[in-house]
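Visitor: Hi, could you walk me through this one?
Guide: Happy to, let's bring it up.

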Amino acid sequence: MNDFLIRYLYKFPSSLSFMSELTEEQRKQWEEKIKKMSPEELQQLQKQQCVFCQIVAEKVPSKKVYEDSTCLAILDINPAAKGHLLLLPKEHYAIMPQVPEQVLKHVSIVTKYLSQILLKVTRADGTTIFIANGAAAGQRAQHFFIHLIPRKAGDVVIPAEERLVGLETAVKVKTTVEKKLLILLGGRKEIQKEEVRTQLLPELEMFVTSGSAKRYHTNKCPFAQNIPPEKKVTLLKEEAEKSGRKPCTCVSGKRIPLVKPIPGSKPKKKKEPLLKKISESKQSIILKKKNGREASLDDIANLFK
Amino acid sequence: MECEYCDILSGNSKIPLIYDDDAVVVVVKDMVYTPGQITIFPRNHFTILEQVPDEIVSRCMLVADKVSRAVFEVFQAEGTNILIQNGLGAGQIVPHFSIEVIPRIENDNLNLRWDTKPLPEDEMETTVMTLEKTLQEMDQEILAGKAAGEKPILEKSEVNKIDADAAKEKNRDNYLLKSIRKIP
């Protein structure tokens, strides 16, 4: 992390703004000095040069909107729109990777509430939340902060547009990042998948077999999926045992046999119940129209439908 | 309602998934600002930021930070942008809250910067005042439990007491935000 930080600071010319005012020789001296500095000393040096730290210390005037012991929200002096806010931690951090987890957690929750307030006050249709890490990303001050910009339909805040790059590129990105990200996240976590839960349900005590077959299978067994629908017989556990058929290995759950599916007999696909959601949301829209209230958060969310 | 991100989770999409746990999912979309862009979204369906529970918002942000670090190192990026387009008016395309991490290098011809429109001093003053006022109103709502549509969190006498205290402090302090002020 420290190596990375130092490398980063060199790539970030504006992080030490006074450098541009020095002569070539003085700059070289400074660069030598910086190389010998510890990361803590570097951070201290940056802090002395930081306008936002002076705003936090109230040495420079600002329009404060919200303040607590960890962070401060002020109006941007060069706003993209009316109500454009900057949310910054009071402690000096140049970029996001330096920010401790606790502070980042707190700041993200404050972001949520400030965004909610912006929607209410500015009657915006949405908010753009933007963080720039590094000069290459358009960061202009050496203090980490979050932009909160209220948006109205049709305005342009992010001029670039997303374009289709194709799945091949996406897969390449995945394979490049995956390992590093998993190390940073501390490995993959086990999640309880739905399949595991459904096994506990009583209706899965039913088994399937073909009319002439000698064994019976669970619904998930590849053999079961290869049974043509017209020959498929569904049996309860007792029935299956009484019928004289033997259980497949899949029944005890020891081993699920590997069988290639026979072409033409495709396994059934489950469909997600989308209908319920639609009817609920429509109801809420209708309710709101009746009440004639001003736009709420749900209305903003419902604009998608 | 069709949701592209929920489709990824139900296995109906070819979009590659890098990481998922019980709260957060990390994927690589094929519609991006620049190749290398990575998307983080909560596992459960929420359309906009305001609907996402606090713990999940902060968890998403922490994962975004980790992704940003990974991107710095893996792609030799010189910077990253973290972008949340929250709401249709902000250009959100998929109706599922998400955070984009965009790797940047110098001169990559990617323009994510807005034009600024300076506000006159008096207009800035009124904006600050309305924002502060709304902050306080929101606290009142939460105090009285109106926002959640539940029983009041505090008895009325207690609310009055806090009101009086708040008046003493000339509205400096803020109850709602006190509750989210978890860090010493």
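**Where the chains meet**

Guide: In this predicted model, 88 residues of chain A are in contact with 83 residues of chain B (contact: C-beta atoms, placed from the backbone, within 7 Å). Residues are numbered from 1 along each chain as its sequence is written, and chains are lettered from A in the order in which they are written. Local features need pLDDT of at least 70 and side-chain atom pairs 80 or more, while totals for chains, interfaces and linings use all residues.

Visitor: Which helix gives the largest share of the side of chain A that touches chain B?
Guide: Helix 5 of chain A, with 16 residues. Helices here are DSSP runs of H or I, at least four residues, and strands are runs of E, at least two, numbered from the N terminus.

Visitor: Any strands joined across the two chains, and how many bridges join strand 4 of chain A to strand 5 of chain B?
Guide: Seven, and the two strands run antiparallel (pairing takes at least two DSSP bridges). A:Thr127 stands opposite B:Asn86 there.

Visitor: Back to helix 5 of chain A: is A:His106 buried or exposed?
Guide: A:His106, which sits in helix 5 of chain A, is buried because it has 21 C-beta neighbours inside 10 Å. The cut-offs are 20 or more other C-beta atoms within 10 Å for buried, 12 or fewer for exposed, and partly exposed in between, with C-beta atoms placed from the backbone.

Visitor: And how many residues of helix 2 of chain B are buried?
Guide: 15 of the 21, so helix 2 of chain B is largely enclosed by the rest of the structure. B:Gln76, with a positive phi near 55°, follows that helix.

Definitions and conventions:
Contact = placed C-beta atoms within 7 Å.
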